[in-house]
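This report looks at the salt bridges of one protein and at the setting of a residue in one of its loops. The overall make-up of the chain is described along the way.

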Amino acid sequence: MNNRKLIAILLILLLPSAVFGTPIFNQIKCANSPDGKAQVINNEFQCDLEASFYNQDFLMKQSFGIVKAIVFYSNIRLDISPLRLMKLLSDNTIILPSNLAYLKIIINDADTNKEQNLVISMTIQVIIKKTGGLCNFKLIDFNPTISDFKSPLLPMWLSKGIEKIINNNQTLGREILKLANTSLVQARQELGLCQK
């Protein structure tokens, strides 16, 4: 990857208003279900979370015609067996296990006329605050903290700087919060809980 491409990618990563602004992603969904919502299978909350930003005009302008799209993905699994669910319902703050996630930047290679993918890995620790009981359970805060942000193409000092920028922005957390609350309502309906 040449320096021009790397500079364009860094511009995208270092401009919070470009990548982590509002609205950030065209689509946030759970890719493992037909309707894009989380599923509950065998007492496990499952969401192969995928958030994509395909506003090509915006991205191409910000990256000098190099970055075509940005995709964030992470496989989320959470035990919601009856005992675990009772524990979750009794706590107002829920700390989820650390989870590996990826940021994929799709690059337009003008030299070869092909797309290339730059994949950046990171570890995410999520703290959730909630209110209510089983029938009116609602998430009121979703706070992801990123660590181990890295790519073979980025020096460590730059990776740490980008990590700090991402951790100081809360847009993605708000968007995921909306998706999670919608999924919780659906899960209650599918499980037949709290029906009058």
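Glu163 and Lys160 stand three residues apart in helix α5 (residues 156-167), a spacing of about one helical turn. The side chains of these two residues meet in a salt bridge, with a distance of 3.7 Å from N to O. The partners differ in their exposure to the surroundings: Glu163 is buried, at a relative accessible area of 10%, whereas Lys160 is partly exposed, at 40% relative accessibility. All of this is read from a predicted model.

The structure holds two salt bridges, and the other pair is made by Asp48 and Arg77, whose closest N and O atoms are 2.8 Å apart. Asp48 belongs to strand β3 (residues 44-53) and Arg77 to strand β4 (residues 67-79), so this salt bridge ties together parts that are 29 residues apart in sequence. Arg77 itself is partly exposed, with a relative accessible area of 36%.

The two pairs are set out below.

| Salt bridge | N to O distance |
|---|---|
| Asp48 and Arg77 | 2.8 Å |
| Glu163 and Lys160 | 3.7 Å |

The chain in which these pairs are found contains six helices and eight strands. Read from the N terminus, the elements follow the order α-α-β-β-β-α-β-α-β-β-β-β-α-α. Of the 196 residues of the protein, 41% count as buried, and the accessible surface comes to about 11000 Å², of which carbon and sulfur atoms hold 54%. Among the contacts with a separation of 6 or more, 60% are accounted for by residues that lie 24 or more positions apart.

A residue outside the salt bridges gives a further view of the chain. Ala38 is found in the loop between β1 (27-30) and β2 (39-41). Is Ala38 buried or exposed? Its relative accessibility is 8%, and because buried means under 20% relative accessible area, Ala38 counts as buried.

Which residues is Ala38 in contact with, once its neighbours within four places in sequence are left aside? They are Cys30, Phe45, Gln46, Cys47, Ser183 and Gln186. Leu184 can be related to Ala38 through the backbone as well, for the C-alpha atoms of Ala38 and Leu184 are separated by 8.2 Å, although the two residues are 146 residues apart along the chain.

Note on methods: Residues numbered from 1 in each chain as written. Predicted model: local features only at pLDDT ≥ 70, side-chain atom pairs only at ≥ 80, totals over all residues. Heavy atoms only, no water. Salt bridge = Lys/Arg side-chain N within 4 Å of Asp/Glu carboxyl O. Helix = DSSP H or I, 4+ residues; strand = E, 2+ residues; numbered from the N terminus. Buried < 20%, exposed > 50% of the residue type's maximum accessible area, 1.4 Å probe, protein only. Contact = heavy atoms within 4.5 Å. Areas by Shrake-Rupley, 256 points an atom, 1.4 Å probe, with all protein chains shown as cover.
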